[in-house]
Amino acid sequence: MPKSRVRKKQVYTPPPTTRSAKKKVSPVWLAPLMLTCLVLGLAWIALYYITNGGPTWMAGLGGWNLLGGFGLIVIGVLLSTQWR
C-alpha cells in the first residue's frame with residue numbers, strides 16, 4: 001500500500017478579529033414592547049374565540065382577527081431576535 005503524502009502547505013488560521021470593548025445592549029423599550037406584542041396577540045385571539053366572534057367592533061373584522069392576533073405575535077417574535 002502506498003504511503004500518504006505529507007502536507008506541504010500550512011494549515012489555514014484565520015486572522016484575529018478585533019472586537020470592541022463595549023458590549024452591545026438592547027434599547028430599554030425593546031423588552032416591554034416585545035412582551036406587550038406577544039401578550040396582546042395571544043389575548044386578541046383568545047378573546048375572539050372565547051366570545052364567539054367578539055364585541056361588535058371585532059365581529060366586523062371576521063376572520064381578519066386571526067391575522068391581527070398572529071401579526072402581533074410575529075412582531076413580538078421578530079423583536080425577540082433583536083434582544084441582547
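How far should the 17 residues of helix α3 span, at 1.5 Å a residue? Before I answer, please keep in mind that this is a predicted model, in which local features need pLDDT of at least 70, side-chain atom pairs count only at pLDDT 80 or more, and totals for chains, interfaces and linings use all residues. Residues are numbered from 1 along each chain as its sequence is written, and side-chain values use heavy atoms, with hydrogens and water left out.

Helices here are DSSP runs of H or I with at least four residues, numbered from the N terminus. The expected span of a helix is 1.5 Å times one less than its number of residues, so helix α3, residues 64-80, should span 24 Å, and its end C-alpha atoms are indeed 24 Å apart.

Within α3, the residues N65, G69, G76 and L79 are buried, where buried means under 20% relative accessible area and exposed over 50%, with partly exposed in between, using a 1.4 Å probe and protein chains only. Seen down the axis of α3, these buried residues fall within an arc of 90°, so they line one face of the helix; the arc is that of the directions from the helix axis to the C-beta atoms. The face turned away from that buried side carries the exposed residues W64, L67 and L78.

The buried residues of α3 pack against α1 (30-50) and α2 (56-59). To take one of them, N65 has a relative accessible area of 0% and, leaving aside its neighbours within four places in sequence, is in contact (heavy atoms within 4.5 Å) with W44, Y48 and M58.

Terms used. Helices (H or I, at least four residues) and strands (E, at least two) are DSSP runs, numbered from the N terminus.
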